[in-house]
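Biologist: Could you take a close look at a single part of this model, the way its two domains and the parallel sheet in one of them are put together? A careful, connected account would suit me best.

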Amino acid sequence: MVNIAFFDAKPYDQVWFDKINDRHKITYFENKLNATTAGLAKGYEVVCAFVNDDISAPTIDLLHSLGVRLIALRCAGYNNVDMKAAHGKIHVVRVPAYSPYAVAEHGMALLLTLNRKLHRAYNRTRDFNFSLVGLGGMDLYGKTVGVIGTGKIGRVFIDICRGFGMNVLAYDLYPVTDSGINYVDLDTLFKESHIISLHCPLTDETRHILDSDAFAQMMEGVIIINTSRGALIDTAALLEALSSGIVGGAGLDVYEEESDFFYQDLSGTIIKDDVLALLVSRPNVLLTSHQAFLTDEALVNIADTTLANVNEFFENDNIVNEICYQCDSGKIDGSCLKERTGRCF
Ligand code: NAD
């Protein structure tokens, strides 16, 4: 049995982890993991963390000094972990895939809602306002969608778009050559897409991949969908593009500064982030609180894989879902220790 400190715990996490866990002692903390709360992990060998936990070097050093041996991320993305700081001290595992369908379907839900103004129609009819003025949209059939990142989620999103009869353009650093996907350079994608959907990870290269220069190339009224990571978009530039009409709508499941706000009920407080307040106030912006993953199937897979990762760490030499800063850099020069030994260090 292993003691697991589970940070940023929500009721929907606990339901599935408790159902699937039959071996370990899990203590659920509502606190997000950061350098201030890491002390809660005293006496635990494993911490389980999520997308908005701050796992930078000070957090890692504190966890290491307390004897924590494994950070089990219950998510795919790991941009919130200082991988270099962790290397040699604490192993990091993740859930590389739990349901690309959950995220891709949420992306399409954002697009459909935003395009046909369902969020506004819902509010109107609840108020017995049956006017249609201002609720017009466009047919998605025949429109061009530009998909940035054609990994697991991007490809499911492409399949969904094809089902709607849309033309798909795509950009990826590593195109999948036999996929039948029409890859183009980023500039072409910006210029020719009625809709642009982001499905690449957040890296130094992709931070603000949609900035003012990118928006300047886009066609007027383009709809932006982001279910990946908030910092892929320069939000100040997006607000300007919304004001000028270049961007006709933005469906966002993520926001650059989301960690201070998302997953909390702040309905009784004054939000001190003017950019967020401005975004939310726009009728053509639809913001959800990083919920694209939130389906039963995804939650089961997250719990299942996270617990399997913990078991593997303590029982096997090989940790399939371990990652480190070298994996991150895509090192393929034969120096990968994991390839030879099954572990990153
Ligand atoms: P994946 O690793 O299968 O695919 C990512 C793709 O992005 C790959 O094809 C990769 O080659 C490409 N890529 C990497 N760098 C790029 C660059 N500079 N430019 C263009 N493409 C680049 O990942 P996935 O499972 O499809 O997930 C994609 C992203 O979705 C994750 O990184 C994560 O940030 C996000 N995500 C969000 C949620 C949510 O609930 N909103 C849930 C899961 C994942």
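Modeller: In this predicted model, the centres of domain 1 and domain 2, taken over C-alpha atoms, are separated by 29 Å. The domain assignment gives domain 1 as 3-98 + 296-341 and domain 2 as 100-287, and their contact takes 13 residues from domain 1 and 10 residues from domain 2.

To turn to the parallel sheet, six strands form an open arrangement in the order β7-β6-β8-β9-β10-β11, with parallel pairing. At the edges stand β7 (167-171) and β11 (285-287), each of which has a single partner strand, so that one side of each is left without a neighbour in the sheet. On average, and with direction ignored, neighbouring strands of this sheet are turned by 15° against each other.

Within this sheet, strand β8 (residues 195-198) and strand β9 (residues 222-226) pair in the parallel sense over four bridges. Along that pairing, I195 stands opposite I223 in β9, while S197 has I225 of β9 as its bridge partner. Five of the five residues of β9 are buried, so this strand is largely enclosed by the rest of the structure. The burial applies to both faces of β9, since V222, I224 and N226 on one side and I223 and I225 on the other are all buried.

One of these residues, I224, is touched by F215, whose contacts, not counting residues up to four places away in sequence, also include L210, I233, D234, A237, L238, A241, I246 and V247. In the largest nonpolar core, which has 86 residues, I148, L210 and F215 touch the most other members. The largest share of this core, seven residues, is supplied by helix α11 (residues 296-315), and the core draws at least three residues from each of domain 1 (3-98 + 296-341) and domain 2 (100-287). A second core of 20 residues is separate from it and includes A104, L111, I158 and A170. As a general background to such groupings, nonpolar side chains in soluble globular proteins tend to be buried together.

L238, one of the residues that F215 touches, also takes part in a helix packing: T235, L238, L239 and L242 in α9 meet V275, L278 and L279 in α10. The axes of helix α9 (residues 235-244) and helix α10 (residues 274-281) come within 11 Å and cross at roughly 35°, and the crossing of α9 and α10 is left-handed.

For a contrast with the enclosed strand, G163 has its place in helix α6 (residues 152-163), and with a relative accessibility of 68% G163 counts as exposed, because the cut-off for that class is over 50%. Between the C-alpha atoms of G163 and A57, which are 106 residues apart along the chain, the separation is 45 Å.

There is also a second sheet to describe, again open and made of six strands, in the order β2-β1-β3-β4-β5-β12, with mixed pairing. Its edge strands are β2 (25-28) and β12 (322-323), each of which pairs on one side only. Strand β1 (residues 3-6) and strand β3 (residues 46-49) pair in the parallel sense over three bridges, with I4 standing opposite V46 in β3. Helix α1 (residues 11-20) lies across β1 and β2 and runs at about 175° to β2.

Definitions and conventions:
Residues are numbered from 1 along each chain as its sequence is written. This is a predicted model: local features need pLDDT of at least 70, side-chain atom pairs count only at pLDDT 80 or more; totals for chains, interfaces and linings use all residues. Side-chain values use heavy atoms; hydrogens and water are left out. A nonpolar core is a set of buried Ala, Val, Leu, Ile, Met, Phe, Trp, Tyr and Cys residues joined through side-chain atoms within 4.5 Å. Buried means under 20% relative accessible area, exposed over 50%, partly exposed in between (1.4 Å probe, protein chains only). Helices (H or I, at least four residues) and strands (E, at least two) are DSSP runs, numbered from the N terminus. Domain bounds come from an automatic or database domain assignment. Contact means heavy atoms within 4.5 Å. Two strands pair if DSSP finds at least two bridges between them. Axes are lines fitted to C-alpha atoms, for helices over the stretch in contact, and angles run from 0 to 180 degrees between N-to-C directions. A crossing is left-handed if the near helix is turned anticlockwise from the far one by less than a right angle, and right-handed if clockwise.
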